[in-house]
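Good morning, colleagues. Please take a moment to look over the model on the screen before I go through its fold, its core and its ligand surroundings.

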Amino acid sequence: MRVLILGGTGGIGQALARALRGQGELHLAGRRREALLALAAEVGGRAYPLELGDELEVQALLEEVGPLDLLIYAAGAVVRKPLRELPRSEWEEVFTANLTGAYLVLKHARFRPGARAGFLGAYPDYVAHPGFAAYAAVKAGLEALLKVAAKELRREGVHLVLFRLPAVATGLWTPLGGPPKGALSPEGAVRRILEALKAEPPPALVEV
Ligand SMILES: NC(=O)c1ccc[n+]([C@@H]2O[C@H](COP(=O)([O-])OP(=O)(O)OC[C@H]3O[C@@H](n4cnc5c(N)ncnc54)[C@H](OP(=O)(O)O)[C@@H]3O)[C@@H](O)[C@H]2O)c1
């Protein structure tokens, strides 16, 4: 099995890499080089430092890795600021990490028949709150992107799975002051994600 995790340096990405250790060829992409190299050494995977907003980097990664059995897009970023105070650069950062990167990965990835590709979204009502315009917009956009992509990629035999996750205790919450009480552990979220990705056939939408 050939696996690629985008956002491998994140809280959920690292837990995915550890859970998938020893289950095939593991390719890990993330931005923070040192963290990525340490994780790859720990789990016996290959590290690809990468900026998801750069199409040439994304294309080069996917060409080098080759046809995939499992892809998990676990990259993302969040900002909490009212619209009138939200700099365009921060809006764009959220879009690049959550949506533009997903589009570029879907554009350039090659899959083996029966492959699965999982993407991590949010419950629309949980994120539609003041200060979260960029994050709410981007996760709604991700759902729309996947609906269309699933139809376009069906003939390649790839199953796309969207996960609506509750709060998970990771570094994503650092700029927000830390995760809320009762947040799921990354390992708990990963168990649910992998269970659904291995189902036959996998569901298109999973509410964790
Ligand atoms: N945690 C939650 O409560 C929760 C809830 C619902 C949905 N989700 C979604 O689950 C996914 C993973 O979240 P997480 O909690 O694991 O977040 P995280 O710990 O903050 O990790 C985010 C990951 O995205 C990578 N990344 C961000 N911008 C990037 C860019 N421009 N290019 C390349 N990589 C980039 C980060 O790389 P570096 O660290 O190397 O910079 C990191 O690997 C996200 O899509 C998030 O929206 C999370």
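The protein chain contains seven helices and seven strands, where helices (H or I, at least four residues) and strands (E, at least two) are DSSP runs numbered from the N terminus. Starting from the N terminus, the order is β-α-β-α-β-α-β-α-β-α-α-β-α-β.

I should state that this is a predicted model, in which local features need pLDDT of at least 70 and side-chain atom pairs count only at pLDDT 80 or more, while totals for chains, interfaces and linings use all residues. Residues are numbered from 1 along each chain as its sequence is written.

As to overall dimensions, the C-alpha trace spans about 45 × 40 × 35 Å along its principal axes. Of the 208 residues, 38% count as buried, that is, with 20 or more other C-beta atoms, placed from the backbone, within 10 Å of their own.

I turn now to the interior. The largest nonpolar core has 58 residues; such a core is a set of buried Ala, Val, Leu, Ile, Met, Phe, Trp, Tyr and Cys residues joined through C-beta atoms within 7 Å. Helix H4 (residues 88-108) gives the most to this core, namely seven residues. Ile-5 is among the residues with the most contacts inside the core. Beyond its neighbours within four places in sequence, Ile-5 is in contact (C-beta atoms, placed from the backbone, within 7 Å) with residues including Leu-16, Leu-28 and Ala-74.

Finally, the ligand. Of the 28 residues around the ligand, Gly-10, Gly-76, Ala-97, Leu-120 and Thr-170 come nearest.

Note on methods
Buried ≥ 20, exposed ≤ 12 C-beta atoms within 10 Å, placed from the backbone. Contact = placed C-beta atoms within 7 Å. Near = placed C-beta within 6 Å.
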